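Welcome! Please take a look at the sequence and structure below before reading on.

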Amino acid sequence: MIDLHLHSSASDGSLTPSQLIEEALNLKIKAIAITDHDTIAGVKEFLSFGELEKIIIIPGIEISIRHEPIRELIDVHIIGLNIDHSSIRLINTIADQIKGRLEQKKAICKRLRDEFGYDISFDEVKANAGNGVVGRPHIVEIMTKNNPKKVVGKTKNELFKMISISGDAFVDRKVELNLEESIELIKSAGGIPILAHPGIYEVSDRIEFIEMCIKAGIEGIEVEYTYTKNRPFYGTDKANWAQNYFPEYFRKIAEKYNLIKSGGSDYHGGKKGIKIGSANVPDDYLKSFI
Ligand SMILES: [Zn+2]
């Protein structure tokens, strides 16, 4: 069993990169990849801790790309596996993205407070994220924690949508790589660009969407993923359907279009009941990465 989609405390996971490796060793996982959101801050520790352990470790990243509703690119993530984390271009581009991302979150908190009357401050959200990258889930947590009366009857998914693209309190990012730029950046750092969790995107035609990503330079696709435990299916009556349907569907797509097969749990440290290895990714995918 392998798992090529894991988050550490360098983004929004709760385990440090070393703890991720320890946990994977406990579970007898053969190979893991670190894929933090828009950061490679955890990669160095991950590689140095894992070097002498009996596990294959793959450095990676998960890039959130620019929203482009016209191409149905909404909340789309591109994973880069086997990246060179010392690439100066990668390091500089990520630093710019992180700055833009923080400014966006600050602006969203301001809108929530000034226009929608939420008791929320960016400082609290930032503290909630700890050392990791501030993400929208951190905002949703503070919205819920500080405003119990205001959020009555609203699901976490609804609050998330409110601060996502076309949501009432959304603010766009100023610095953001689009689909092609993200893929190119990963390739420039020697990595393999992979379309993350392809089943979660709400698109009108899945084949056309995948073909657009292939044209943009994608080389792989996540076949196995924890659909029952993640948005938009988590807690809905479509969760089991998604889990039964998508892996088989994307396996066929990968074979038809000659895409590298990848997969992972999107583990964030035990949240949502996900474990390392939960996605049941077969070992034989490894040969594309090592
Ligand atoms: Zn992820």
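Here is a short tour of the sheet, the cores and one helix.

This is a predicted model, in which local features need pLDDT of at least 70, side-chain atom pairs count only at pLDDT 80 or more, and totals for chains, interfaces and linings use all residues. Residues are numbered from 1 along each chain as its sequence is written.

**The sheet**
- An open sheet has 7 strands in the order S1-S2-S3-S4-S5-S6-S7, with mixed pairing; strands (E, at least two residues) and helices (H or I, at least four) are DSSP runs numbered from the N terminus, and two strands pair if DSSP finds at least two bridges between them.
- Its edge strands, pairing on one side only, are S1 (2-6) and S7 (260-264).
- Strand S6 (residues 220-225) pairs with S7 in the parallel sense over 5 bridges, and Ile221 stands opposite Lys261 in S7.

**The cores**
- The largest nonpolar core (buried Ala, Val, Leu, Ile, Met, Phe, Trp, Tyr and Cys residues joined through C-beta atoms within 7 Å) has 58 residues, and Ile32, Ile78, Leu81, Ile194 and Ile221 touch the most other members.
- Helix H9 (residues 239-256) gives this core its largest share, 5 residues.
- A second, separate core of 17 residues includes Cys109, Val133, Val140 and Met143.

**Helix H2**
- Val43, Phe46 and Gly50 are buried in helix H2 (residues 43-50); buried means that 20 or more other C-beta atoms, placed from the backbone, lie within 10 Å of a residue's own.
- These residues sit on the same side of H2 because they cover an arc of only 65 degrees around the axis, taken from the directions from the helix axis to the C-beta atoms.

Terms used: A residue is buried if 20 or more other C-beta atoms lie within 10 Å of its own, exposed if 12 or fewer, and partly exposed in between; C-beta atoms are placed from the backbone.
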